[in-house]
Amino acid sequence: RESAPPFPHARPSTDGAHLITLRVGRRGSPLTAAHLASEFHAALHLLALEGWWRVRCAVLLPRHAHLIATLAPGSGLESAVQELKRRLTPCLQRAGTTWRPDHATVQLEHPAELAEAFRTLHREPHRAGLCAEGEAWPGYLCADDDRAWLGARRAGA
């Protein structure tokens, strides 16, 4: 699955690309529970369709989520993150967990940074012991036109 772009782009770009990390509390269901993962990916997709951002890559781990997103013109990073959290809060509460108030963001300004972020997110489920190396992780998504970054050389894309 991928998030549909709300704005055109001809090729992968680092313009406005952000690596965002969100965390949940230690109690309740993990984000990787089927019902939470489904809600999370649906919310990402809806925000993209509404023109907030284009999610280029995302991975869900038990207590945190990472995503790489390119903001739509006029969208603010903080408001997009808060809207995602707002929409998912009721689902998290039903699962017995809540968002941690903080989140981390890193602007990916150079092609090498973006390529490394794509590779890191792709490997994260294996590093966390959630799946075997090379095995598909159901909590991972990457836009088709961004998959090429996974093979980009470390020195630059």
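What percentage of the 157 residues in the protein do buried residues make up? In this predicted model, the share of buried residues is 45%. The sections below describe how the chain is arranged around its interior, beginning with the overall fold.

The protein contains three helices and five strands. Along the sequence, these elements follow one another in the pattern β-α-β-β-α-β-α-β. Contacts that link distant parts of the chain are frequent among those considered: where two contacting residues are at least 6 apart in sequence, 77% of such contacts join residues at least 24 apart.

The five strands form an open sheet in the order β4-β1-β3-β2-β5, and their pairing is antiparallel. The edges of the sheet are occupied by β4 (99-107) and β5 (140-142); each has a single partner strand, so one side of each has no neighbour in the sheet. From one strand to the next, the twist averages 25°.

Strand β3 pairs with two other strands, and each pairing can be described through its bridges. On one side, β1 and β3 run antiparallel and are joined by seven bridges. Within this pairing, Ala17 has Thr70 of β3 as its bridge partner. On the other side, β2 and β3 are likewise antiparallel, and seven bridges join them. Ala58 has Leu67 in β3 as its bridge partner, and Cys57 stands opposite Ile68 in β3. The connection between β2 and β3 is a hairpin, which joins them through three residues. Is β3 largely enclosed or left open by the rest of the structure? Seven of the eight residues of β3 are buried, so this strand is largely enclosed by the rest of the structure.

Two of the helices can be placed relative to the sheet. Helix α1 lies across β1, β2, β3, β4 and β5, and its direction makes an angle of about 165° with β2. Helix α2 lies across β1, β2, β3 and β4, running at about 145° to β4. One residue of α1 may serve as an example of a position that is not buried: His45 is found in this helix. Because its relative accessible area is 29%, His45 is classed as partly exposed. In sequence, His45 and Val55 are 10 residues apart, while their C-alpha atoms are 7.7 Å apart in space.

The interior includes a largest nonpolar core of 29 residues, in which Ile20, Leu22, Phe40, Leu44, Trp53, Leu67 and Leu84 have the most contacts. At least two residues of this core come from each of β1 (17-24), α1 (34-49), β2 (53-60), β3 (64-71) and α2 (77-94). Another core lies apart from it and has 17 residues, including Ile68, Leu114, Leu121 and Cys142. Strand β3 thus appears in the description of both cores, since it supplies at least two residues of the largest core, while Ile68, which belongs to the other core, is located in β3.

Empty space within the structure was examined next. Rolling a probe the size of a water molecule over the atoms shows where empty space is left. How many cavities of 30 Å³ or more does a search of the whole structure find? The search finds one. The largest cavity has a volume of about 40 Å³, and its lining consists of Leu31, Leu36, Phe40, Leu88, Cys91, Leu92 and Trp99. Both α1 and α2 supply at least two residues of this lining. The largest share, three residues, comes from α2. Phe40 takes part in two of these descriptions, as a residue lining the cavity and as one of those with the most contacts inside the largest nonpolar core.

The structure also has pockets, which are open rather than closed off. The largest pocket has a volume of about 280 Å³. Its lining comprises 17 residues, and those nearest its centre are His122, Arg123, Cys131, Gly134 and Glu135. Helix α3 (111-127) and strand β5 each supply at least two residues of the lining of this pocket. The element that gives the most is α3, with five residues.

Terms used: Residues are numbered from 1 along each chain as its sequence is written. This is a predicted model: local features need pLDDT of at least 70, side-chain atom pairs count only at pLDDT 80 or more; totals for chains, interfaces and linings use all residues. Side-chain values use heavy atoms; hydrogens and water are left out. A nonpolar core is a set of buried Ala, Val, Leu, Ile, Met, Phe, Trp, Tyr and Cys residues joined through side-chain atoms within 4.5 Å. Buried means under 20% relative accessible area, exposed over 50%, partly exposed in between (1.4 Å probe, protein chains only). Helices (H or I, at least four residues) and strands (E, at least two) are DSSP runs, numbered from the N terminus. Two strands pair if DSSP finds at least two bridges between them. Axes are lines fitted to C-alpha atoms, for helices over the stretch in contact, and angles run from 0 to 180 degrees between N-to-C directions. Contact means heavy atoms within 4.5 Å. On a 1 Å grid over the protein atoms alone, a cavity is a set of points where a 1.4 Å probe fits but cannot get out, and a pocket is an open set with protein on both sides within 12 Å along at least five of seven lines; lining residues have an atom within 4 Å of a point. Grid points are joined across faces, edges and corners, and a volume is the space filled by probe spheres set on the points.
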